[in-house]
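Dear colleague,

I am handing over the structure we spoke about, and I would be grateful if you could look through it alongside the notes below.

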Amino acid sequence: MSKIRILLFAVVGILFSAMTTFAQVEGATGGVADNASSVSKYRAIAAGIGFGIAVVGGALGQSRIGAAACEGAARNPGAAGRIQTMMILGLALIESLVLFALVIVFIKT
């Protein structure tokens, strides 16, 4: 239960820190400046954080697939070839998702 609580506090902290992106700033003339300048400052940071999350998820998935394949091959050495084929297919699909996230980051920035 404590992991869920820590995750909840992390998400709330990220959401509270993102509120400054939408705040209006007074310009040098005394009026309210447009929000596009402050949003463009944080666009690259948000893209980097989003891609970082995608990479971490992909790395965790790949490590779990590798561990499960090693365990499966150790338990049944006769099926090691089939396990390796399925492992490579899974790794390729996970890597394609991470590369797709990279393409989306480049398009949005």
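The expected span of a helix is taken as 1.5 Å times one less than its number of residues. Please keep in mind throughout that this is a predicted model. For helix α3, which covers residues 80-108, the rule can be applied directly: its 29 residues should span 42 Å at 1.5 Å a residue, and because its end C-alpha atoms are 42 Å apart, the expected and the modelled spans agree.

As to the overall architecture, the chain contains three helices and zero strands, and reading along the sequence gives the pattern α-α-α. Of the 109 residues in the chain, 11% are buried, while the chain exposes about 8500 Å², of which carbon and sulfur atoms supply 72%. When contacts between residues at least 6 apart in sequence are considered, 48% of them join residues that are at least 24 apart.

Where does α3 have its buried residues? They are Ile83, Gly90, Ile94, Val98, Ala101 and Val105. Three of these reappear when one looks at Phe51, a residue of helix α2: leaving aside residues up to four places away in sequence, Phe51 touches Val98, Ala101, Leu102 and Val105, and of that group Val98, Ala101 and Val105 are among the buried residues of α3. In the same part of the model, the C-alpha atoms of Phe51 and Leu99 are separated by 9.5 Å, although these two residues are 48 apart along the chain. Phe51 itself is nevertheless not classed as buried, because its relative accessible area is 22%, whereas buried means under 20%; Phe51 therefore counts as partly exposed.

Turning to charged side chains, the structure holds one salt bridge, in which the side chains of Glu71 and Arg75 meet at 3.2 Å, N to O. Both partners lie in helix α2 (residues 36-75), four residues apart, which is about one turn of the helix. Is each partner buried, partly exposed or exposed? Glu71 is partly exposed, with a relative accessible area of 43%, and Arg75 counts as exposed, since its relative accessibility is 69% and the cut-off for that class is over 50%.

With best regards

Notes: Residues are numbered from 1 along each chain as its sequence is written. This is a predicted model: local features need pLDDT of at least 70, side-chain atom pairs count only at pLDDT 80 or more; totals for chains, interfaces and linings use all residues. Side-chain values use heavy atoms; hydrogens and water are left out. Helices (H or I, at least four residues) and strands (E, at least two) are DSSP runs, numbered from the N terminus. Buried means under 20% relative accessible area, exposed over 50%, partly exposed in between (1.4 Å probe, protein chains only). Contact means heavy atoms within 4.5 Å. Accessible areas come from the Shrake-Rupley method with a 1.4 Å probe; for residues, only the protein chains shown count as cover. A salt bridge is a side-chain nitrogen of Lys or Arg within 4 Å of a carboxyl oxygen of Asp or Glu.
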